[in-house]
Amino acid sequence: LLRGEALTISRSVNSKVDTLFEHIDAGAQAADQLGDELYTASRNLIWTMVVISMAAGLALAFFIARMISRPLNHAVELAQAVAGGDLSRRIEAQSTDETGQLLQALKQMNGSLVQIVGQIHQGSDSIATATQQIATGNQDLSSRTEQQASSLEETAASLEELTATVKQNAENARQANQLAANASHVAQRGGAVVNQVVDTMTAINTSSRKIV
């Protein structure tokens, strides 16, 4: 009896246990499959998130690079324009970061260069005016110098004529002096002759008195 009833119960229990084991095995397999599916889905999701994150990072990096490079390119363009002598470009700093500070510095430098160029232009105009005045003064001085040179030539000619006249007058004076000397000598000789005549007349007069 024990074997029959116990065997029946044992077989029933074993059958239930086998069924339970089968359910447990099926559940384990299902859980394993579900875990594999979850692992695969998680892995795919992770790779997808990594790819999306990398794409978002690249896009963000490109956007940030564009945000940084555009003002820098603008600053480089302005600096090249200023270096090329174009001071008419309008420079506006729209931010307060390093790029904005760079544009502000370029704006101040451009303003200073405009002011310096204006001062140089004014100085050049002043120099040109002064040079023109100097040229006019030089022409006037040259004209006056030519006039003075002409006057000096006329004065030199007059001095030459005066010198010739003085020489001629000196020669005339020398000749007159010579004539005066000759006249004095002749006068002296005439005086001696007169004295002789007087002496002769006196002697004759004395002789005539003695005769009388």
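## Helices and strands

How many helices and strands are there in the protein? Counting them up gives two helices and zero strands. Keep in mind that what you're looking at is a predicted model.

The helices go by the names α1, covering residues 2–83, and α2, covering 98–211. You can find both on the structure above before reading on.

## Surface and contacts

Now for the protein as a whole. It has 212 residues, and buried ones make up 5% of them. The accessible surface comes to about 17,500 Å². Carbon and sulfur atoms hold 61% of that area.

What about contacts along the chain? Take the contacts in the protein with a separation of 6 or more: 53% of them join residues that sit 24 or more positions apart.

## A nonpolar patch

Which residues form a nonpolar patch on the surface? Look for L60, F63, I64, M67, I68, L72 and L102. Together they offer about 640 Å² of accessible area. Helix α1 supplies the largest share of this patch, with six residues.

Let's pick one member, I64, which belongs to helix α1. Is I64 buried or exposed? The answer falls in between: its relative accessible area is 40%, so I64 counts as partly exposed. The cut-offs behind that label are under 20% for buried and over 50% for exposed.

## The largest pocket

Next up is the largest pocket, with a volume of about 240 Å³. Its lining is made up of M67, I68, R70, P71, H74, E92, Q94, S95, D97, T99, G100 and L103. Which elements give two or more residues to that lining? Those are α1 and α2. Of the elements, α1 gives the most, with five residues.

Two names may ring a bell here. M67 and I68 are part of the nonpolar patch, and they also line the largest pocket.

## A closer look at H74

H74 is another residue in the lining of the largest pocket, and it lies in helix α1. Because its relative accessibility is 32%, H74 counts as partly exposed.

Try finding L103 as well, since this residue also lines the largest pocket. How far apart are the C-alpha atoms of H74 and L103? They are separated by 8.7 Å, while the two residues are 29 residues apart along the chain.

Terms used. Residues are numbered from 1 along each chain as its sequence is written. This is a predicted model: local features need pLDDT of at least 70, side-chain atom pairs count only at pLDDT 80 or more; totals for chains, interfaces and linings use all residues. Side-chain values use heavy atoms; hydrogens and water are left out. Helices (H or I, at least four residues) and strands (E, at least two) are DSSP runs, numbered from the N terminus. Buried means under 20% relative accessible area, exposed over 50%, partly exposed in between (1.4 Å probe, protein chains only). Contact means heavy atoms within 4.5 Å. Accessible areas come from the Shrake-Rupley method with a 1.4 Å probe; for residues, only the protein chains shown count as cover. Patches are made of residues with over 30% relative accessible area and no salt bridge: like charges are joined within 9 Å, nonpolar side chains (Val, Leu, Ile, Met, Phe, Trp, Tyr) within 5 Å. A salt bridge is a side-chain nitrogen of Lys or Arg within 4 Å of a carboxyl oxygen of Asp or Glu. On a 1 Å grid over the protein atoms alone, a cavity is a set of points where a 1.4 Å probe fits but cannot get out, and a pocket is an open set with protein on both sides within 12 Å along at least five of seven lines; lining residues have an atom within 4 Å of a point. Grid points are joined across faces, edges and corners, and a volume is the space filled by probe spheres set on the points.
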